[in-house]
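The following paragraphs lead the reader through a single protein model, moving from individual residues to the organisation of the whole. Please keep the structure in view while reading.

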Amino acid sequence: MAQPQAELTLKALILGIVLSVILSAANTYLGLFAGMTVSASIPAAVISMGIFRMFRNSTILENNLVQTAASAGESVSAGIIFTIPALVIMNYWETFNYWWVTIIAALGGLLGVLFTIPLRRSLIVESDLKFPEGVATAEVLTTGQQGGKEIWYIVQASIVGAVFKLGQAGLNLMTDAIFYTKAAGSAVFKIGTNLSPALISVGYIVGLNIAVLIFLGGALNWMVAIPICTSLDSVIDMLPKDLDLTALRTPEKAPEFAKLIWATFTRYIGVGGMVVGGIWTIFKMRNSLLGGITSGLKAYRKDDSGQSQSQDIPSEEKDMPMNWVLFLILGSIVPIFLLYQNATGHLTISLTMSIIMVIAGFVFSAVAGYMAGLVGSSNNPISGITIATVLFSSLLLLLMGLSTETNGPVAAIIIGAVVCCAAAIAGDNMQDLKAGHILKATPWKQQVMQMVGTVSAAFFIAPILNLMLKAYGFAGHSSAQANPLAAPQATLMQSVADGVFARNLPWAFIAIGAIIAVLVIILDEILILRKSSFRTPVLAVSIGIYLPFELSVPILIGGIIQFFASRFIKRNNYSSTDAEAANRHGLLFASGLITGEALMGILLAIPIVIMNKDKPLKIMDNPKEWPGLILLAIVLVWLYVTAIRKAHNNNKAG
């Protein structure tokens, strides 16, 4: 009988902790600087494989645990930087309080891990969600472990992705996006696309159905909602009075005007859709979620002989004991209560909000996990979930009698921070668990490493934040230095929390999003009854509405490439073996593009921090659009040909 592969080893534990801290630090800066983070799963997997080659008998399951811990650290930093800087911007803190930041990060992150345990079976084992980065990570690990010719697909694509990112974000040789804005009378239309091979890869992995829905959501916002809003005086009158509206409505200012309307009003349509979509998703998943919890509890009960029934479960299906999970979740109410009591000073309010936060945290973690299954964790709009949490929390706190003077907005931000950390961890960890499911890893060992990675990173986030605050400060705040950090998500959370208590949020747009979500849900139910292969999951549409349109376009292009590649294979009647090879080669190439871009994105953070410049390696001040367009077109053809040509050659040879 073959011995099981080594998995949870000392070297995997140590390397996982180190990478968790390093990648968390890099993403803390990138998130504050550019409003985005880079998924650490694939970069950590590649780094782990490189380091473990120096050891004898290292296994694929050890590498999988390393990337699991590292990605947890990256995720918890995203949850913190999207929310906690708002407390400094609101002047509640002068600097970041070490223990409070650490507690919020660790507590929210651990809750995110615990929430994913009962979700794993329903979202990964029993659903057909793609989890693009989880699949890509598994492919990277499998190919790297097996070696051979197929690793060349990842290597060459990684080089292409890295060079692309270097040329855009590092050397500044080409733009990372192109836009076209047209003013027709008082209405403004804006379209564009990001020139990212990684986003193309996401579309290729998720497939045409989801890619189309994301694109349609973006088109609904940017081609319908924004033109209507820019032409309505009733909407324009709601903009801040200190803006020069006459200048904004000129053709030259059309791009800036469209972005302002999106940021101020229309992306809240996506927030409304996400709230309704999240509630509907939980309702639809209720049986699977309940079944996952009850089966988990049943598995660890003792039979008449005193033996645990979990002994009959294969190792690749063993989660942490569900009774432990439920005990820890309920036990978390105590530290959460102390956290909120410190912020509000109200016993009843703190206890009520602690219970509500645990419930909301589970709901939004489930939504985040579902959305990660649709579009991947890098493109998962966690900030949209956090906005919904801050909105909900602010309304409840307002109804309970808190105000701006009694730290109502501060309490809402702290609640949002815990939920944001939980949701960020949940979305990213579901990707890791998907990779583990493919590789036949042991879920409970991954869940342990997720906790290790979360807590390890939590201890280092506050010093990094204080370093950034001292070196750069935040734009629009008294801390701002020569090159302040934008902290866009945290600034948005502060605006939402203050807006609820000041009663000036765009509720009409949130309501419109909720109505659109209901209509999409009805359409999806009709398609289910008709047994249509095309479906309209509401969260995919809501994500498209919320995201900048330039992110939706390359995802659609990737989905189209995957569709035509699959169609080519079917039309030429490939055998199942050849079809599987074609799909694998395309997936490997797409995974490589994500790997290269992610690694370069993290590496570029180093000179940015050291040299304190936006693009310290740039060799051009005014990058051009056409080089990126031409190179991206070459990548598109390369991706398509990689999938079909290899399978075609195999077919001919057979």
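Gln489 belongs to helix α20, which covers residues 488–502. In this predicted model, Gln489 is buried, because its relative accessible area of 13% falls under the 20% limit for that class. A distant part of the chain approaches this site: the C-alpha atoms of Gln489 and Ile84 are 9.9 Å apart, although 405 residues separate the two in sequence.

Such long-range pairing can be set against the overall composition of the fold. The protein contains 26 helices and two strands. Of its 654 residues, 58% count as buried. Among contacts between residues at least 6 apart in sequence, 81% join residues at least 24 apart.

One of the strands, β2, spans residues 187–194 and includes Gly192. With a relative accessible area of 13%, Gly192 is classed as buried, because the limit for that class is under 20%. The C-alpha atoms of Gly192 and Trp222 are 9.9 Å apart, with these positions 30 residues apart in sequence. Which residues does Gly192 contact, once its neighbours within four places in sequence are left aside? They are Ile178, Phe179, Phe549, Glu550 and Val553.

A second glycine, Gly217, is situated in helix α9, residues 208–231. Gly217 has a relative accessible area of 0% and is buried. Its C-alpha atom is separated by 8.8 Å from that of Leu547, a residue 330 positions away along the chain. Leaving out residues up to four places away in sequence, Gly217 touches Val541, Gly544 and Ile545. Helix α22 covers residues 538–546.

Helix α23, residues 549–571, offers a further buried position. Ala565 is part of this helix and counts as buried at 2% relative accessibility. The C-alpha atoms of Ala565 and Gly586 are separated by 8.8 Å, and the two residues are 21 apart along the chain. Beyond residues up to four places away in sequence, Ala565 touches Tyr640, Ala643 and Ile644. Helix α26 runs over residues 626–653.

Helix α23 also contributes to a pocket. The second largest pocket encloses about 1,500 Å³ of space. Its lining comprises 48 residues, of which Asp128, Leu129, Lys130, Val206 and Ile210 are the closest to the centre. Which helix supplies the largest share of this lining? Helix α23 does, with six residues. By residue class, the lining of the second largest pocket divides into 23 nonpolar, 13 polar and twelve charged residues.

Aromatic side chains provide another view of how the helices are joined. The whole structure holds eleven aromatic pairs. One of them is formed by Phe589 and Trp638, with 5.4 Å from centre to centre and 50° between the planes, a tilted arrangement. Phe589 lies in helix α24 (residues 576–603) and Trp638 in helix α26, so the pair ties together parts that are 49 residues apart in sequence. The two partners have these accessibilities: Phe589 is buried at 0% relative accessibility, whereas Trp638 is partly exposed at 32%.

Attention may now turn to backbone geometry. Helix α7 comprises the 20 residues 151–170 and reaches 27 Å from its first C-alpha to its last, close to the 28 Å expected at 1.5 Å a residue. After α7 comes Asn172, which has a positive phi near 60°.

Positive phi values also occur in loops. Asn91 is not a glycine, yet has a positive phi of about 65°. Asn91 sits in the loop between α4 (85–89) and α5 (98–125). Is Asn91 buried or exposed? At 57% relative accessibility, Asn91 is exposed, because the threshold for that class is over 50%.

Lys531, likewise a residue other than glycine, has a positive phi near 55°. The loop between α21 (507–529) and α22 (538–546) holds Lys531, and a relative accessibility of 75% makes this residue exposed.

Technical notes
Residues are numbered from 1 along each chain as its sequence is written. This is a predicted model: local features need pLDDT of at least 70, side-chain atom pairs count only at pLDDT 80 or more; totals for chains, interfaces and linings use all residues. Side-chain values use heavy atoms; hydrogens and water are left out. On a 1 Å grid over the protein atoms alone, a cavity is a set of points where a 1.4 Å probe fits but cannot get out, and a pocket is an open set with protein on both sides within 12 Å along at least five of seven lines; lining residues have an atom within 4 Å of a point. Grid points are joined across faces, edges and corners, and a volume is the space filled by probe spheres set on the points. Helices (H or I, at least four residues) and strands (E, at least two) are DSSP runs, numbered from the N terminus. Ala, Val, Leu, Ile, Met, Phe, Trp, Tyr, Cys and Pro count as nonpolar, Asp, Glu, Lys and Arg as charged, and the others, Gly among them, as polar. The expected span of a helix is 1.5 Å times one less than its number of residues. Buried means under 20% relative accessible area, exposed over 50%, partly exposed in between (1.4 Å probe, protein chains only). Contact means heavy atoms within 4.5 Å. Rings of Phe, Tyr and Trp (its six-membered ring) pair if their centres lie within 6.5 Å; planes under 30 degrees apart count as stacked, over 60 as edge-to-face and the rest as tilted.
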